[in-house]
Amino acid sequence: MDLESVKRYLEKGSGLLEDDDKNRSAIDGIPNRFFERFIMQGLHVDLVEPGRVICSMKVPPRLLNAGNFLHGGATATLVDLVGSAVIFTVGAPQTGVSVEINVSYLDAAYVNEEIEIEARILRVGKAVGVVSVEFRKKKTGKIIAQGRHTKYLAVSSKM
């Protein structure tokens, strides 16, 4: 791909359609926090306990990549969102901001395949929280991805 094609791809999505500018007003009209709802629609919470959350979902077509399996960006976003949610289970008043997210992709999940997402607290201190998030195929238990999410937790002022 030449440099101009790379630029077009990043600025207009696929870069394949020259009339992508027609969609700009529709995209600009998307409500705030649309992205979270787009990724998490269809997510079911199966278990919530202190320090642990287990969710499940069928992989929807909207979250597939060009290879027709769960997109790595969707997986990373779920590490962020489910990993942040588990911090609330230990009494944190807020989840802070991400300092680091890493994901190891180990297998693929395909459309309509049921997956399980388990988030666990590794440590929540005064200023930093660390969680692990594991993705498994619900039918076999095979690990699809493992993520780790580190968050800075806002320290309350003593003034």
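Select E113 and K137 to begin: they form a salt bridge, with the closest N and O atoms 3.2 Å apart. A salt bridge here is a side-chain nitrogen of Lys or Arg within 4 Å of a carboxyl oxygen of Asp or Glu. The pair links distant parts of the chain, with E113 in the loop between β3 and β4 and K137 in strand β5, 24 residues apart. E113 is partly exposed at a relative accessible area of 21%, whereas K137 is buried at 13%. Buried means under 20% relative accessible area, exposed means over 50%, and partly exposed is in between (1.4 Å probe, protein chains only).

Before going on, note that this is a predicted model, in which local features need pLDDT of at least 70, side-chain atom pairs count only at pLDDT 80 or more, and totals for chains, interfaces and linings use all residues. Residues are numbered from 1 along each chain as its sequence is written, and side-chain values use heavy atoms, with hydrogens and water left out.

**The whole chain**

Zoom out and colour by secondary structure. The protein chain has 4 helices and 6 strands, and along the sequence they follow the pattern α-α-α-β-β-α-β-β-β-β. Helices (H or I, at least four residues) and strands (E, at least two) are DSSP runs, numbered from the N terminus. Of the 159 residues in the protein chain, 33% are buried.

Show the surface next. The protein chain exposes about 10100 Å², and carbon and sulfur atoms supply 56% of that area. Accessible areas come from the Shrake-Rupley method with a 1.4 Å probe; for residues, only the protein chains shown count as cover.

**The sheet**

Select the strands. In what order do the 6 strands of the open sheet stand? The order is β1-β2-β4-β5-β6-β3, and the pairing is antiparallel. β1 (44–49) and β3 (97–105) are at the edges, each with a single partner strand, so one side of each has no neighbour in the sheet. From one strand to the next, the twist averages 15 degrees. Two strands count as paired if DSSP finds at least two bridges between them. Strands of a sheet pair through backbone hydrogen bonds, either parallel or antiparallel.

For one pairing, select residues 52–58 (β2) and residues 114–124 (β4): these two strands pair in the antiparallel sense over 7 bridges. Within this pairing, I54 stands opposite E118 in β4.

Now add residues 72–88, which are helix α4. Helix α4 lies across β2, β3, β4, β5 (128–137) and β6 (143–152), and runs at about 55 degrees to β6. Axes are lines fitted to C-alpha atoms, for helices over the stretch in contact, and angles run from 0 to 180 degrees between N-to-C directions.

**More salt bridges**

How many salt bridges does a search of the whole structure find? The search finds 10.

Select D46 and K138, whose side chains meet in a salt bridge (3.6 Å, N to O). D46 is in strand β1 and K138 is in the loop between β5 and β6, 92 residues apart. Both are partly exposed: D46 has a relative accessible area of 42%, and K138 is at 38%.

Move to E118 and R136, where the side chains meet in a salt bridge at 2.8 Å, N to O. E118 lies in strand β4 and R136 in strand β5, so the pair ties together parts that are 18 residues apart in sequence. Are these two residues buried or exposed? E118 is buried, with a relative accessible area of 8%, and R136 is buried at 12%.

Extend the selection to E49, R52, E116, E118, R120, E134 and R136, which are linked in a network of salt bridges. Stay on R136: its side chain makes a polar contact with the side chain of E116 at 2.7 Å. A polar contact is a pair of N or O atoms within 3.5 Å; within protein, one must be able to donate a hydrogen and the other to accept it, and residues adjacent in sequence count only if both atoms are side-chain atoms. Leaving aside neighbours within four places in sequence, R136 is in contact (heavy atoms within 4.5 Å) with residues including I115, G141 and I143.

**Two loop residues**

Finish in the loops. N68, in the loop between β2 and α4, has a positive phi of about 65 degrees although it is not a glycine. N68 counts as partly exposed at 49% relative accessibility.

Then select N112, in the loop between β3 and β4. N112 also has a positive phi of about 65 degrees without being a glycine, and at 51% relative accessibility N112 counts as exposed.
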